[in-house]
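Notebook open. Today I'm looking up holes and hollows, plus a couple of residues that go with them.

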Amino acid sequence: MRKKTFWSLIITILLIVVIGAACGYEPEELENENSEATSGDDSASEEDNTMENNESAGDVEEQKLLLGTSSQGGTYYVWGGGWADIMNENVPKADIAVEVTGGPTSNIQLIEEKDMELGFVTSWLGGEAHEGIGWTEEKYENFGAIFPMYPSVLYLYTLEDNPIESIDDFADQHISVGPPGSTSDQAGKIVLDTLDVEPSKVSSLPTNDAVDNLKDGIVDAGFAVTGVPGPFMLDLETTHNVRHIELNDEEIDALLEEYPFWSTLDIASDTYKDLEEDITHIAFWNFAVASKDLSDDLVYELVKSTFENQEELINVDPSAKDTLAENIVHSSMPLHPGAYKYYQEEGIDIPEDLIPPEKR
């Protein structure tokens, strides 16, 4: 009995050890495998969530853009502030900030150097930039026209108290021509040079400074390129009597022969309180341009939203009444591909020279 009991006890102990070892091992393996699997699933899940979050953020992420206008007080600056607000509200991916600049030539150069994405330019200076003639020997090719804004005119003005009644009377006077690099600066100097008028001093002053200097008697007369009506002129008329200087037919013909991107525009007498009869001024169409680095889709949306919100633009500046899709044909610059897509959809016949080179 004792031997049998002894060996039974030994066998029982051995079974317990074997079974215990087996039971202790298998759960550990299973736990490790489950742990690794769970860890892998969590990592994959985190990666998926990260990708989803990034994609979601990309869908609503705004693209910060700089818009080059001109000096404060000019139509570009007023127009640009209003347009930027409208675009920021209606184009989800647009976050446009307005920059004070020297005007069209500065805007073209800044876009070319990739320091700015959007800008306002005249058909004159933009056309010359594209061709590499006139104010520059370098061809600028990193921008394209996106929509027409309005025609602006080259005002020649003084105060009624000054003894100046014609361009010839600008001789031996202190004349302001507009901020450096602006259309007014360029055009004013060209008019003086082409018509052989020699002022005693020529100052390149921003519009507001030029008007203040005129009021203070420091400047005798000035040039200014802006829309119709011009904000600066309306403001000046509230405190002073203004004399509008008109070029005669012979003077205008001499300028148009030399500068084919220039044109003329008649201004009705009821536009300004001090204008007694209709007057003809040198004129330039204005356009918004965009860097070719901007995506076609974004530019398309900006152009589309501009025309869809024209009434709001008119509330910003009355000159926006001419911001019509059909006026794109007045451009002197090829279009941005994104803009070209919009005009194609609208059935507007785009002249061959305005079609983006990559779309011809």
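**Entry 1: a loop residue.** I'm working from a predicted model. I started at Glu-246, which sits in the loop between β8 and α8 (249-258). Buried or exposed, or something in between? Glu-246 comes out at a relative accessible area of 35%, so I've put it down as partly exposed.

Next I checked what Glu-246 touches once residues up to four places away in sequence are dropped: Ile-279 and Thr-280. For Thr-280 I also have a distance, since its backbone nitrogen lies 2.9 Å from a polar atom of the Glu-246 side chain. I looked further along the chain too. Tyr-155 is 91 residues from Glu-246 in sequence, yet their C-alpha atoms are 8.4 Å apart.

**Entry 2: the pocket.** Glu-246 turns up again in the lining of the largest pocket, and so does its contact Ile-279. I get a volume of about 230 Å³ for that pocket. Which strand gives the most to its lining? That's β8 (residues 242-244), with three residues, namely Val-242, Arg-243 and His-244. The lining also takes in Glu-160 and the run Asp-274, Leu-275, Glu-276, Glu-277, Asp-278 and Ile-279. By class I logged seven charged residues, three nonpolar and one polar.

**Entry 3: the cavity.** Then I went after enclosed space. How many cavities of 30 Å³ or more are there? I count one. The largest cavity holds about 230 Å³. Its lining runs to 27 residues, and those closest to the centre are Ser-70, Ser-182, Ser-184, Thr-207 and Val-225. Elements giving two or more residues to that lining are α2, β4 (143-159), α5 (183-194), α6 (207-215) and β7 (221-226). Of these, β7 gives the most, with four residues. The class split here reads 15 polar, twelve nonpolar and no charged, against seven charged in the lining of the largest pocket.

**Entry 4: back to a serine.** Ser-70 was among the residues closest to the cavity centre, so I looked it up on its own; its relative accessibility is 10%, and it counts as buried because the cut-off is under 20%. Ser-70 lies in the loop between β1 (63-68) and α2 (75-90). Leaving out neighbours within four places, I find Ser-70 in contact with Tyr-76, Tyr-77, Glu-99, Val-100, Thr-101 and Gly-103. One more distance for the page: the C-alpha atoms of Ser-70 and Thr-183 are 9.6 Å apart, with their positions 113 residues apart along the chain.

Note on methods
Residues are numbered from 1 along each chain as its sequence is written. This is a predicted model: local features need pLDDT of at least 70, side-chain atom pairs count only at pLDDT 80 or more; totals for chains, interfaces and linings use all residues. Side-chain values use heavy atoms; hydrogens and water are left out. On a 1 Å grid over the protein atoms alone, a cavity is a set of points where a 1.4 Å probe fits but cannot get out, and a pocket is an open set with protein on both sides within 12 Å along at least five of seven lines; lining residues have an atom within 4 Å of a point. Grid points are joined across faces, edges and corners, and a volume is the space filled by probe spheres set on the points. Ala, Val, Leu, Ile, Met, Phe, Trp, Tyr, Cys and Pro count as nonpolar, Asp, Glu, Lys and Arg as charged, and the others, Gly among them, as polar. Buried means under 20% relative accessible area, exposed over 50%, partly exposed in between (1.4 Å probe, protein chains only). Contact means heavy atoms within 4.5 Å. A polar contact is a pair of N or O atoms within 3.5 Å; within protein, one must be able to donate a hydrogen and the other to accept it, and residues adjacent in sequence count only if both atoms are side-chain atoms.
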